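Here is a set of worked exercises to go through with the structure open beside you. Try each task before you read its solution.

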Amino acid sequence: MDFSLMHPQNADTSYKKLTDEAVNDLSLDFILDALTDNRYERPHLLGMLSRLPSDAAVIRYRHDVFEDFLRFPELRKAMSELVLKLADLRDLERFQMDGDASALWSLINRLREIDDYIECITMIKDTLTRLDVQSDGMRALRDIVTDIERESGFDALKADIDETMQKAQRLKSVTIGVNLDKFLRPEYAGIITLNDTKFADSGLMSRLMKFTDAKELHHGANDGKGQRFHPANPLSSKISAGMVVTEATTHRIQLEETGATGKDPLSDAMRKQVTEIMRKTVNEIKARIKKYVNISGYSLISLMPEILFYNRWAELVDKIRATGMPMCKPDILDPKERRCSFKDVYNLKLAINKARGEEINIITNDFEFSDERRIYILTGPNRGGKTIFTQAIGLAMLMAQWGVYIPASEAAVSPCDNIYTHFPADENDTVDLGRLGEESKRLAEIFEIATRYSLLLLNESLATTSVAEGVFIAKDVVKAMRYLGTRAIFNTHMHDLATSVGELNEAVEGDSRAESLVTGVHDGERSFKVSIAPPQGVSYAADIARKYGVTFDQMKQEIDSKHLV
């Protein structure tokens, strides 16, 4: 069955994998910590977070499915139970390939698993029938489980399971026959019957008297498949089965356990016979329910990580909304438009910390990529929110394409084909090439694979060299972005780069224009607001100087006042 809650049937399911740098720079480990504290869930979730779909139909399909999970806590609860049951059924396909079919207890456990599976399918069908799910994905799942229940003979299967369990639970004892050789030594052992009553020991003397009073011996007790258990030479000191044979009298042979195996030959022979007859019984039961084992419903096991993904994101969105921060379903635009608009967008990481109880005043911003401006040179003071804002846009884009609500009140997004980041590298990574060489190498690698549909996020790139050298390289980087036609945010302290946007737009042809974006500063205080404006480096410094009284006029006045005293 080709069914997924992550994409419609026959859709383009090709994904771009995020680079290791993007995974690190956009703090996906931090996001994972917010989604789950279960170490077994993390690999599944990380695998899904690091693969980015760009097909608009796939993304819209995901958003609709997610919205059903978000709207109905009852659905999330039922799906959580489904995940737990499916986890127990992952090995169920081994039922027909189980080599140790002799273990009746193993069969009973498998039957219980199938019984749980029946309840699982019924529960999901009832839940999806009762709720007004709207997404194509959840409606398709409802149809699938309804068909499974109707067409797979669940009533007959459940009756077979109940009958088999009852029979198995009635097994209380085994009747064993032992063949003797001409010296009356036990030679073969075999199972005669399986009984529904426990064996009652009537005493050795009573059984012996019954035997000696009998007119004749019984016939036909041997099924011809017994197991030899006594040694060929009764006087040998040891045998391979872990027994010591000693001759206590002329007519009596005593078998002693050596401890080598913990089993005597008779018990070993009996075990083999019990195994054989159990194998026959199990195979008969398997044949009886074989027609049910390959039902298509077992493919629902593949939905486990998808259900986990939607459940965990819905839980996180609920927690963030409870803090009063907006979360919204974005409109998904044609990827070819390369447009994006966000109203009241903010960094998801801040909201997660707020949901954990931190006292945070989160500042939201409006932002867009459009035909008029697709490349932003973002400047502002230290600790003024440049990195937080750059990350916020990257995470909002990721979440939009993952198919979950995003941190904004309104949004419309043209999906990108991938997100490439260029954040400061670890010092250990720059030993061979030097910091500037390492940064230049990574930039070149990005332009080797980026397209006009990509999103580039540069954070203080080229800041480790001199200002003149940094601006020289950065201007060429911006011109290459414009020529490529990509969307980008380049946050930097190089105000000369931001003041050159007009020059850069004129220097090269392209349909991605560069624009200066600044973090807001009012009365010398950081507001963390962004706005389209020329870089404020000089004016910000003047504001700070005036605030603390270190302009020349202020200091001159202070000096003069002292001299007058």
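A residue is called buried under 20% relative accessible area, exposed over 50%, and partly exposed in between (1.4 Å probe, protein chains only). The model is predicted, so local features need pLDDT of at least 70 and side-chain atom pairs count only at pLDDT 80 or more, while totals for chains, interfaces and linings use all residues. Residues are numbered from 1 along each chain as its sequence is written, and side-chain values use heavy atoms, with hydrogens and water left out.

**Exercise 1. Two lysines**

Task: Decide whether lysine 343 and lysine 125 are buried, partly exposed or exposed, and list what each one touches.

Solution:
- Step 1. Start with the location: lysine 343 sits in strand 9 (residues 340-345), and lysine 125 belongs to helix 6 (residues 104-130). Helices (H or I, at least four residues) and strands (E, at least two) are DSSP runs, numbered from the N terminus.
- Step 2. Apply the cut-offs. Lysine 343 has a relative accessibility of 39%, so it counts as partly exposed. Lysine 125, with a relative accessible area of 18%, is buried.
- Step 3. Look for contacts, meaning heavy atoms within 4.5 Å. Setting aside neighbours within four places in sequence, lysine 343 touches Asn365, Asp366, Ala408, Ser409 and Glu410. With the same neighbours set aside, lysine 125 touches Val145, Thr146 and Glu149.
- Step 4. Check one pair along the chain: lysine 343 and glutamate 410 are 67 residues apart, yet their C-alpha atoms are separated by 5.1 Å.

**Exercise 2. Salt bridges**

Task: Find the salt-bridge partners of aspartate 318, glutamate 315 and aspartate 511, and say where each pair lies.

Solution:
- Step 1. Recall the principle: side chains of opposite charge can pair when their charged atoms come close. The criterion here is a side-chain nitrogen of Lys or Arg within 4 Å of a carboxyl oxygen of Asp or Glu. By this criterion the structure holds 21 salt bridges.
- Step 2. Take aspartate 318, which pairs with arginine 76, the closest N and O atoms being 2.7 Å apart. Aspartate 318 is in helix 11 (residues 304-322) and arginine 76 in helix 5 (residues 73-88), so this bridge ties together parts that are 242 residues apart in sequence. Aspartate 318 is partly exposed at 31% relative accessibility, whereas arginine 76 is buried at 10%.
- Step 3. Move on to glutamate 315, whose partner is arginine 312, with 3.2 Å between the closest N and O atoms. Both residues lie in helix 11, three residues apart, or about one turn of the helix. Glutamate 315 is partly exposed at 29%, and arginine 312 is buried at 17%.
- Step 4. Finish with aspartate 511, which bridges to arginine 452 at 2.9 Å between the closest N and O atoms. Aspartate 511 is in the loop between helix 17 (501-507) and strand 16 (514-522), and arginine 452 is in the loop between helix 14 and strand 14 (455-459), so the pair ties together parts 59 residues apart in sequence. Aspartate 511 is partly exposed at 34%, and arginine 452 is partly exposed at 29%.

**Exercise 3. Helix packing**

Task: Classify how helix 14 packs with helix 15, and how helix 4 packs with helix 7.

Solution:
- Step 1. Set up the geometry. Axes are lines fitted to C-alpha atoms, for helices over the stretch in contact, and angles run from 0 to 180 degrees between N-to-C directions. Angles under 35 degrees count as roughly parallel, over 145 as roughly antiparallel, 65 to 115 as roughly perpendicular and the rest as oblique.
- Step 2. Helix 14 (residues 434-449) and helix 15 (residues 467-484) meet at about 5 degrees, with axes 12 Å apart. The two are therefore roughly parallel. Among the residues in contact are Leu436 and Phe447 of helix 14 and Ile473 and Leu484 of helix 15.
- Step 3. Helix 4 (residues 56-71) and helix 7 (residues 136-151) have axes that come within 7 Å and cross at roughly 70 degrees. This pair is therefore roughly perpendicular. Tyr61, Val65, Asp68 and Phe69 of helix 4 meet Asp136, Gly137 and Met138 of helix 7.
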